[in-house]
Amino acid sequence: MKDNFISKIKDYYQKIFSKKNYTCDNCAREIFQGEGLCSYCLQKLPFNDGQCCQICGRAVAEGIEVCKQCLQDRPIYILAKSNFIYDVQIQKLLYRFKNGDRYLVNTFIPFADFFLASGIFDVDYIVYVPMFYRDERKRGYNQAAVLATALGKRYAIPVAHDKIIKIKHTVMQKTLNKVNRMQNLKESIVLIDKNFFRGKKVLLVDDILTTGATSDTIGKCLKEGGCIAVYLYTIASVSLQRNG
């Protein structure tokens, strides 16, 4: 099943890229079809194409339809999808994407065709996780905004820029659990126009799904603004395999 999936990915990549003599975006090997990723890296990358939770879209053990986390604390979004399982093989690419190599969005985006469920395309707007303006100015760009813009262009869905903003700096989330992350984000993200999303369906995008605290915080804001459905798309998601 995995080999068949990789074969489809390789064929698809060769069709959508036309320039020649690139080097692989992951390992820098020379390639000649202009795929962006070489065959070796396509085989190695942790595609999220196995058994997944039917709500959060994370990789789970065989036979599990809804993961323990979603059963205990159901997310605000209806459905989430991600291209990759977040492990050491994808961390390097995502780190580069967040820290200067924004062009890597062109490597990630084509995989959305394989992973986004058809229902997710039936949305009115795409939104993205905002950054505090000083943090964004320091980094130079918001990688979630870059991802949202590319998705909007690819699927002809309008992106609601600057309708959701982060009004204060928060400490880095990676060392915090979900409860502490929610507390850390409290009152930091707001809607600019409280009626803009009323009666609308929205696709929220970000680079990584970890605990789900950020998506729940933004989803809550959207719901309070009258949004009728929130979906989530990320490049990668942290697997719950180890939790059963």
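## Two helices, a core and an aromatic cluster

Because each residue of a helix is expected to add 1.5 Å, the twelve residues of helix α10 (residues 213-224) should span 16 Å, and the distance of 17 Å between the end C-alpha atoms agrees with this. The expected span is 1.5 Å times one less than the number of residues, and helices (H or I, at least four residues) and strands (E, at least two) are DSSP runs numbered from the N terminus. The model is a predicted one, in which local features need pLDDT of at least 70 and side-chain atom pairs count only at pLDDT 80 or more, whereas totals for chains, interfaces and linings use all residues. Residues are numbered from 1 along each chain as its sequence is written, and side-chain values use heavy atoms, with hydrogens and water left out.

The chain contains ten helices and six strands, and buried residues account for 50% of its 244 residues. Buried here means under 20% relative accessible area, exposed over 50%, and partly exposed in between (1.4 Å probe, protein chains only). Among the contacts with a separation of 6 or more, 72% join residues that are 24 or more positions apart; a contact is a pair of heavy atoms within 4.5 Å.

Nine of the twelve residues of α10 are buried, so this helix is largely enclosed by the rest of the structure. The buried residues of α10 are A213, T214, S215, D216, T217, I218, G219, C221 and L222. Just after α10, G226 adopts a positive phi of about 90°.

L222 also appears in the largest nonpolar core, which has 70 residues and in which F84, F108, L151, F197, V205 and L222 touch the most other members. Such a core is a set of buried Ala, Val, Leu, Ile, Met, Phe, Trp, Tyr and Cys residues joined through side-chain atoms within 4.5 Å. Helix α8 (residues 143-155) contributes the most to this core, with eight residues. Around V205, once the neighbours within four places in sequence are set aside, the contacts are I126, V127, Y128, V129, A144, L147, A148, L151 and Y233.

Helix α8 itself has 13 residues and reaches 18 Å from its first C-alpha to its last, close to the 18 Å expected at 1.5 Å a residue. Ten of the 13 residues of α8 are buried, so this helix too is largely enclosed by the rest of the structure. The buried residues of α8 are Q143, A144, A145, V146, L147, A148, A150, L151, G152 and Y155. At the N-terminal end of α8, N142 acts as a cap, with a side-chain oxygen 2.9 Å from the backbone nitrogen of A144.

Q143 also makes a side-chain link to strand β5 (residues 201-209), where D207 lies: the side chains of D207 and Q143 form a polar contact at 3.3 Å. Such a contact is a pair of N or O atoms within 3.5 Å; within protein, one must be able to donate a hydrogen and the other to accept it, and residues adjacent in sequence count only if both atoms are side-chain atoms. D207 counts as buried because its relative accessibility is 5%. Apart from neighbours within four places in sequence, D207 is in contact with L94, K98, Q143, T234, I235 and A236.

The loop between α8 and β3 (164-166) holds A156, the residue that follows α8, and D162 also lies in the loop between α8 and β3. Most residues other than glycine have a negative phi, and the table lists these two non-glycine residues with positive values.

| Residue | Phi | Relative accessible area | State |
|---|---|---|---|
| A156 | about 55° | 69% | exposed |
| D162 | near 60° | 54% | exposed |

The structure holds nine aromatic pairs. Rings of Phe, Tyr and Trp (its six-membered ring) pair if their centres lie within 6.5 Å, and planes under 30 degrees apart count as stacked, over 60 as edge-to-face and the rest as tilted. F47 and F111 form an edge-to-face pair, with 5.2 Å centre to centre and 70° between the planes. This pair links distant parts of the chain, 64 residues apart, with F47 in the loop between α2 (39-44) and α3 (68-72) and F111 in the loop between α5 (105-108) and α6 (112-115). F47 counts as buried at 3% relative accessibility, and F111 is buried with a relative accessible area of 1%. F97 and F108 form an edge-to-face pair as well, at 5.6 Å centre to centre and 70° between the planes. F97 belongs to helix α4 (residues 88-98) and F108 to helix α5, eleven residues apart, and both F97 and F108 are buried. Ring pairs join F47, F84, F97, F108 and F111 into a cluster, and F84 and F108 are among the residues that touch the most other members of the core.
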